[in-house]
Amino acid sequence: MTLRPYQQEAHDAAVRWIVTKTAPCLIEAATGAGKSHIIAALAQSINQVSNGKHILVLQPSAELVEQNVEKYRATGNKCSIFSASAGGKSLTHPVVFGTPISVANSIDQFDDRFGLVILDECHRLSATVKSIIEEMRGKNSLLRVCGLSATPYRMNEGYLFHTWDNGNPVNEKERLDDPYFEKCVFRITAPQLINMGYLTPPVMGEPTAESYETLKMKLNSRGQFDAADIDQAYHGKGRLTAAIVADIVDQSKDRNGVMIFAATIRHAKEVMESLPPELSAMVTGETKKRERKEIIRAFKAMEIKYIVNVDVLTTGFDAPHVDAIAMMRATESPALFQQIVGRGLRLFDGKSNCLVLDYAQNVERHCPSGDIFKMALKVKAQADGTQIEACCPDCGAVNEFSARPNKEGYEIDENGYFLDLDGNHISTDDGPIPAHYGRRCFGRIYDAQTRLFERCDYRWTFKPCPHCEEENDISARYCIKCKKELVDPNEKLKLHFKAFKNDLSKVQRDAVLSWNVGHSISQQGRPMYRVIVVTPYRKFTLFIMKEPTFYEARVQTALFEGLNFAKPNSISYSMKNNFYRVHAFNEAIDEAPRSNKAMG
């Protein structure tokens, strides 16, 4: 089997990674790029270079098993099928194509003979697939994993890998919090393949029929459109549905094969009522296996022109003659929208383009620019829309972070720090000021001894450990190195000082900010001085007897008379039984300890 140049590049990049690294890698190959050919070549090569290690290829459906098996056998090699739905459960040959449920149910048979798991449509990575890999890795700690997908990202979550093929980390705002795959080792996009002549260009049609109203549909807790909204949008719209189908038939009258994507089985049946019955068929999850196989065969053989489906022919379905795609359903996922459009982009004799008709506002939802290959993938909230690049001084990875405000228009160096007019870092006592809100580099560093990837340690903003001076994240509570609590001793002193200043049973020594002396009379009619004192910590009033008759009052009066009631620099006082008592004037005040600040 001869590979196209980009397929060979994808194969070579994956082999280089697999033979040297244990971390999972990924290939992004647009729909129609020929992932089946890449998988076949990759399985064959790894079997050869690994001294006969077996390869497990997992795909989410029986149709994809059959498709990938066909391409592999075209290399002249034999393989096994381990999929009940695809008609076999055999491990006879070193390359095995299977479906997750069948493999999981017989996981004990997948022992240390296996050296690689290839995941087709890896964006559908499930808990079952992860458990299969972990079980197999328990028998072979050096097991490799390679995924392939046209759309390696998840709605509202982001990309499935840490690092792009150029070595730079994926933007923090556009990747999963804990991506499964270490690196995308190769990528080829649909626009690239169209320009190279390997895919058919899509053309957006202009429907003459009114579209379904779907933009107001809400997502439920599972990230899917709410059933009530679906019912309101599609069901009972017989007149609108009939008008849309009539428009599809009219606009595709010169087309070879038309795939129509409906929202529900009930909706699909309504669509079928308006299509020419002798040229149309419907496939859903309820269609029996034998009937489904015959419908697909007839469609691929161009015996029927229209095939209506509900969630079963969106991924991996290969019918090159398809030259019209009609979206009569809204999709929650930009990845699924790309997969659906991709059904019509494969080359076919006499096919110059693929007509895409959207009757459910998918373009408005997922492609605000109008370009169906530019998905809106902002999955996490940002402070604003401005991003800047910051090259890590340690590992060289180029990170993208949300920018800090820069009203002064300062220059920014390649490492993401503000520069003054002389080209020097703008710094504080804590170090240079970063021009972004990034804390730590997302670059990945490979440890040849452990064969693991670790995140780069460089930090733009950090909290130094007061015990060992290790740089920690500013939100960390315990040091990553010495494990001690990250509370600065000075900060502890400050907390203790605050508690002390709130405890009026202990003598307080404060600076006097304000001192106001007046005259008053007690409840017994005795003359008093009223002194209002303001310190940095509180305001209180003292009543001093002019002619004291008992010892404590005489002590207090003597203190004030010795001062001649003039404003002192400081006052020493406490409280007992809800009354303030003065101990002295002009003593050294209680000094609050200074606290260190985190860098950045």
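Guide: Helices (H or I, at least four residues) and strands (E, at least two) are DSSP runs, numbered from the N terminus. This is a predicted model: local features need pLDDT of at least 70, side-chain atom pairs count only at pLDDT 80 or more, and totals for chains, interfaces and linings use all residues. Residues are numbered from 1 along each chain as its sequence is written, and side-chain values use heavy atoms, without hydrogens and water.

Visitor: Which helix holds Ala40?

Guide: Take the run of residues 35-49. Ala40 lies in that run, helix H2.

Visitor: Is Ala40 buried or exposed?

Guide: Buried means under 20% relative accessible area, exposed over 50%, partly exposed in between (1.4 Å probe, protein chains only). Ala40 has 1% relative accessibility, so it counts as buried.

Visitor: How far apart in space are Ala40 and Val57?

Guide: In sequence, 17 residues separate Ala40 and Val57. In space, C-alpha to C-alpha, the distance is 9.5 Å.

Visitor: What distance separates the end C-alpha atoms of helix H1?

Guide: The expected span is 1.5 Å times one less than the number of residues. For the 16 residues of H1 (residues 5-20), that gives 22 Å. The model agrees, with the end C-alpha atoms at 23 Å.

Visitor: What is the radius of gyration of the protein?

Guide: The protein has 14 helices and 33 strands. The globule rule (2.2 Å times the number of residues to the power 0.38, with the radius taken over C-alpha atoms) gives 25 Å for 600 residues. The protein is well over that, so it is more spread out than a compact globule, at 36 Å.
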